[in-house]
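User: I'd like to learn how to read a few features off a model like this one. Could you take me through them one at a time?

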Amino acid sequence: MAVVAAVVVGVVVPAAPALAIPKDCSLTVVLINAPSALNARGSVYCTRPETYWVETVIYRHDSLGRKVKVAEGETKYNGHQGWGYAHASEPCSDVQTNKNYSARAFLYDARLVYPIEVKDATSSTVRGHC
């Protein structure tokens, strides 16, 4: 009589962003016209130590409402508590004055090999000028 045994090895991964941590951290983004550039800052505040990645992206809107990524910045934090930031900047020489711009910040759970998006925030739209 032969005995057959099977072993299944797996990794439990959060199935949805709602299950990911740092879901309790706050996320905001601002887009600012400065004299030298169009700047965006994504801000995260965590009340307890978290491992996360914050990304900030500046988009230019075309006449059909489509968005083109023109600048981005990211910062990764490991076991960080308090404020965390990611900055993006589009130099004034590249800003098109006849276009609208907006910014978006993304918060990712970075505990695993592949980051999982937890939440995002979008800025108001501004006219391109410095």
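User: Let's start with Cys25: is Cys25 buried or exposed?

Analyst: The general idea is a cut-off on relative accessible area: buried means under 20%, exposed means over 50%, and partly exposed is in between (1.4 Å probe, protein chains only). Cys25 comes out at 3%, so it counts as buried. Keep in mind that this is a predicted model, where local features need pLDDT of at least 70 and side-chain atom pairs count only at pLDDT 80 or more, while totals for chains, interfaces and linings use all residues. Residues are numbered from 1 along each chain as its sequence is written, and side-chain values use heavy atoms, with hydrogens and water left out.

User: Which residue does a disulfide join to Cys25?

Analyst: A disulfide is a covalent bond between the sulfur atoms of two cysteines. The rule used here is a pair of cysteine sulfur atoms within 2.5 Å, and by that rule the count is 1 disulfide. Cys25 is joined to Cys46, with an S to S distance of 2.0 Å. The two sit in distant parts of the chain, 21 residues apart: Cys25 in the segment before β1 and Cys46 in strand β2. The torsion about their S-S bond is about 115°, so this disulfide is right-handed. Cys46 is buried as well, with a relative accessible area of 0%.

User: You mention strands. How do β1 and β2 pair?

Analyst: Strands (E, at least two residues) and helices (H or I, at least four) are DSSP runs, numbered from the N terminus. Two strands pair if DSSP finds at least two bridges between them. Strand β1 (residues 26–33) pairs with β2 in the antiparallel sense over 8 bridges. For one pair to look at, Ile32 has Asn39 in β2 as its bridge partner. The two strands form a hairpin with 3 residues between them.

User: And which strand does β4 join?

Analyst: Strand β4 (residues 100–109) runs antiparallel to strand β5 (residues 116–122), with 6 bridges joining them. Phe106 stands opposite Asp120 in β5, and the hairpin between β4 and β5 goes through 6 residues.

User: Back to β2. What is Ser43 in contact with?

Analyst: Contact means heavy atoms within 4.5 Å. Ser43 lies in strand β2 (residues 37–61). Leaving aside neighbours within four places in sequence, its contacts include Ser26, Leu27, Thr28 and Trp83. Ser43 is buried, at 6% relative accessible area.

The Ser43 side chain also makes a polar contact with the side chain of Arg41, at 3.3 Å. That term means a pair of N or O atoms within 3.5 Å; within protein, one must be able to donate a hydrogen and the other to accept it, and residues adjacent in sequence count only if both atoms are side-chain atoms.

User: How many salt bridges are there?

Analyst: Side chains of opposite charge can pair when their charged atoms come close. The cut-off is a side-chain nitrogen of Lys or Arg within 4 Å of a carboxyl oxygen of Asp or Glu. The structure holds 5 of them. Among them, Glu50 pairs with Arg48, the closest N and O atoms being 2.9 Å apart. Glu50 is buried at 6%, whereas Arg48 is partly exposed at 41%. Asp62 and Arg66 form another, at 2.8 Å.

User: What about Glu72, where does it lie?

Analyst: Glu72 is in strand β3 (residues 67–91) and meets Lys69 in a salt bridge of 3.7 Å, N to O. Lys69 is partly exposed, at 45%. Glu72 is partly exposed, at 45%. The C-alpha atoms of Glu72 and His87 are separated by 7.4 Å, with the residues 15 apart along the chain.
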